[in-house]
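User: I would like to learn how to read the features of a protein model with due care. Could you take me through one?

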Amino acid sequence: MTPRDDSESSGPRRSRWSDLERPPLNAAAVRRALVREGGLWREVNVVQRTGSTNSDLVARAAEGRLREGVVLVAEEQTAARGRLDRQWVAPARSGLFFSVLLRPGDGVPMERWGWLPLLTGVAVATGLARAGGVDTALKWPNDVLVTVGGEERKAGGILAEAAGDGGVVVGVGVNVSLRADELPVPTAGSLALAGAVSTDRDPLLRAVLRGLEDWYGRWRAAGGDAGACGLQEAYAAGCATLGRVVRAELPGDRALVGEAVAVDGDGRLILATEAGVQEPVGAGDIVHLRAG
């Protein structure tokens, strides 16, 4: 079922202003700010409620050749997913929940597509810092971190999925105004709890999508070469994983412990192990053990 776009109208059963601390996004203003001739973003839709924006865009892409630059934003998701199908739960209008469709196939080899979640992470972290006035960091490969009470907390996540013929859907979820009693797990955080200067989601969303457009354009122009376009350096500068001793929980119930010393040209995390070798990690869960 296609989600209903009612972000700009009041439903008969519940006012769109029912929570004055969490006003709805201004969909028309977001479109005016982002959709322009020659730009990446061609279509920006805001829906009141859906299961998963990623699932919706993947399904639409499978039905036909959906053009690059479609953005789907939800005020509330009921079946949001993170990596490894983990559930992402948050109250309505408490965060940024959106997905974008990208088609990097023209000019970017598929082996470099692994940079898309990292590229998105740079755009999210810098956009939130600029528009929200909050310090952010990245945990390889797809988490956005903030500091709450002196502790590192996860405030956002990124999920990339193949979509149709040559497409990739990248989904982003960020906790913006969640209060302490609303956190799904004790290790979660939000921009509000991290002392953000602003939790107005309209400028936050615009800043993140503008940053994503900028970095994606640079990366594509460089043929996906993250080093040549400055993306590799930018990611390393904002990555809290580097310099830490970590445990990589790998597919097949394997684990690897070592110091995270670099992110290579393919976006893999390089671990220096006690055996004196450097091991590249391309996929897996990373647990920060201690500072390097």
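User: How much area does the protein chain expose, and what share of it do carbon and sulfur atoms supply?

Analyst: Accessible areas come from the Shrake-Rupley method with a 1.4 Å probe, and for residues only the protein chains shown count as cover. Here the protein chain exposes about 13400 Å², of which carbon and sulfur atoms supply 48%. This is a predicted model, in which local features need pLDDT of at least 70 and side-chain atom pairs count only at pLDDT 80 or more, while totals for chains, interfaces and linings use all residues. Residues are numbered from 1 along each chain as its sequence is written, and side-chain values use heavy atoms, with hydrogens and water left out.

User: What is the average pLDDT of the protein chain, and over which residues is the pLDDT below 50?

Analyst: The term pLDDT denotes the predictor's confidence in each residue, from 0 to 100. The protein chain averages 90, and 90% of the residues score at least 70. Over residues 1-18, however, the pLDDT is below 50, although this stretch has 30 contacts (heavy atoms within 4.5 Å) in the model beyond near neighbours in sequence. Where pLDDT is low, the predicted coordinates should not be read in detail.

User: How does the span of helix α3 agree with what is expected, and is α3 enclosed or not?

Analyst: Helices are DSSP runs of H or I with at least four residues, strands are runs of E with at least two, and both are numbered from the N terminus. The expected span of a helix is 1.5 Å times one less than its number of residues. For the 18 residues of α3 (residues 115-132) this gives 26 Å, and the end C-alpha atoms are 25 Å apart, which agrees. Because 14 of its 18 residues are buried, α3 is largely enclosed by the rest of the structure; buried means under 20% relative accessible area, exposed over 50%, and partly exposed in between (1.4 Å probe, protein chains only). After α3 comes G133, with a positive phi near 65°.

User: Where does E75 lie, and which polar contact does its side chain make with another side chain?

Analyst: A polar contact is a pair of N or O atoms within 3.5 Å; within protein, one must be able to donate a hydrogen and the other to accept it, and residues adjacent in sequence count only if both atoms are side-chain atoms. E75 lies in the loop between β2 (70-74) and β3 (80-81), and at 0% relative accessibility it counts as buried. Its side chain makes a polar contact with the side chain of R201 (2.8 Å), and a polar atom of the E75 side chain also lies 2.8 Å from the backbone nitrogen of L25.
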